[in-house]
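These notes are meant for someone opening this structure for the first time. The points below are best read with the model on screen.

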Amino acid sequence: MKLPKYEDITEGYEIPSLTKEPITQLQLVKYAGASGDFNPIHTIEANAKEAGLDGTIAHGMLVMGMLGQAITNWAGIMSVKSYLATFKSMTKPGDVLTAKGTVRKKYENEDGKFADCKFSIEDQNGEVKVDAKVTVKF
Amino acid sequence: MLDFLYEGKVFDSFTYKVERCKIKELAQAIGDDNPLFYDKDYAVSQGYKDTPAPLTFPTVINFWGYPEIWKRMSEIGIDVKRLLHAKEEYQYIEPIYPGDVLTGTVKVDSMRSGGLMDMVTFKSTFIREGKEALTAKMTIVVVAQGE
């Protein structure tokens, strides 16, 4: 895994995008167990309908995790200093999500060299699921 | 109705030990095949001490380490059946590794009640060996039932 160099990135630089496999109901079951979020609207259709939904929806945190994968593929783990996500819309089984990002600003100060990046993850119809701001230290 | 007496309240601390398998399990559930999370030798070759936790691992620490959060939310007056996750924010001070023992503390950071929705932010602070390693903020909203 090659980490980006501060000198090689520019403001407006496009971070490699990542397209995920379609989300499956089984994946939501696995994610519930992995994360400990057992809210049944994600795993049991009857509970989702009782809550007024058409069917189960993905955990927002799973979608944030998929966007996190795109961040880590590019910058690793220890370079990432902050990750702020805003949840925009619901994700359903069958959706195919694509994460992308752009470097918005690069700067140096007494603590080092940084880039502020904007990321988003959207579905096959271009509906944005999560918007994020990420700060990377070089 | 939110009970604003909870604003600023700090709940009891909890301890969470980071297991190697839990790191792999989260990465697998996300479908993230980065060897950093599975292969210690590879992670070390990349400058890490061990396989680091994925970026969204703090949610695992919170839900498995402090499942009481659901009960606390109900006490505050949040309708947990109708809550929506609005925001999640992480500040990473140092990577989290297998074997780390973290002390977590959840605080009710802010509460707001508008005409149409309630909004509550919880802030979790995680301490490792006396030093802050990570902070997480979760904001949830409950939209008023209009019908």
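1. Start with helix 1 of chain A, residues 25-35, where Gln27(A), Leu28(A), Tyr31(A), Ala34(A) and Ser35(A) are buried. These buried residues lie on the same side of helix 1 of chain A, because they cover an arc of only 125° around the axis. An α-helix has 3.6 residues a turn, so residues three or four places apart point the same way.

2. What do the buried residues of helix 1 of chain A pack against? Their partners are helix 3 (60-75) of chain A, together with helix 1 and helix 3 of chain B. After helix 1 of chain A comes Gly36(A), and the phi of Gly36(A) is positive, near 85°.

3. A word on confidence, since this is a predicted model. The complex has an ipTM of 0.95 and a pTM of 0.95 from the predictor. Chain B has a mean pLDDT of 94, with 99% of its residues at 70 or more. Within chain B, helix 1 of chain B has the highest confidence, at 98, and helix 4 of chain B (residues 69-76) the lowest, at a mean of 93.

4. The sheet comes next. It is an open one of 10 strands, paired antiparallel, in the order 1(A)-3(A)-4(A)-5(A)-2(A)-2(B)-5(B)-4(B)-3(B)-1(B). Strand 1 (14-19) of chain A and strand 1 (14-17) of chain B are at the edges; each has a single partner strand, so one side of each is left without a neighbour in the sheet. On average, neighbouring strands of this sheet are turned by 20° against each other, direction ignored.

5. Helix 3 of chain A packs on this sheet. In chain A, helix 3 touches strand 1, strand 2, strand 3 (98-109), strand 4 and strand 5, and it also touches strand 2 of chain B. The direction of helix 3 of chain A makes about 40° with that of strand 5 of chain A.

6. The strand pairs of chain A can be followed one by one. Strand 1 of chain A runs antiparallel to strand 3 of chain A, and 4 bridges join them; Ile15(A) has Gly101(A) in strand 3 of chain A as its bridge partner. Strand 3 and strand 4 of chain A are antiparallel over 11 bridges, and a hairpin of 2 residues joins them.

7. Lys118(A) is worth locating. In strand 4 of chain A, Lys118(A) is the bridge partner of Thr102(A), and Lys118(A) also stands opposite Lys133(A) in strand 5 of chain A. Strand 4 (residues 112-122) and strand 5 (residues 128-137) of chain A pair in the antiparallel sense over 9 bridges.

8. Where the chains meet, strand 2 of chain A (residues 80-87) pairs with strand 2 of chain B, antiparallel, over 5 bridges. One residue to look at is Ala85(A), whose bridge partner in strand 2 of chain B is Glu88(B).

9. How many residues does each chain give to the contact? Chain A gives 33 residues and chain B gives 30 residues. On the side of chain B that touches chain A, the elements giving two or more residues are helix 1 (20-30), helix 3 (58-65) and strand 2 (84-92) of chain B. Strand 2 of chain B supplies the largest share of that side, 8 residues. By type, the residues of this side of chain B are 16 nonpolar, 7 polar and 7 charged.

Key. Residues numbered from 1 in each chain as written. Chains lettered and ligands numbered in written order. Predicted model: local features only at pLDDT ≥ 70, side-chain atom pairs only at ≥ 80, totals over all residues. Contact = placed C-beta atoms within 7 Å. Nonpolar A, V, L, I, M, F, W, Y, C, P; charged D, E, K, R; others polar. Pairing = 2+ DSSP bridges. pLDDT = per-residue confidence, 0-100. Buried ≥ 20, exposed ≤ 12 C-beta atoms within 10 Å, placed from the backbone. Arc of directions from axis to C-beta. Axes fitted to C-alpha atoms, helices over the stretch in contact; angles between N-to-C directions.
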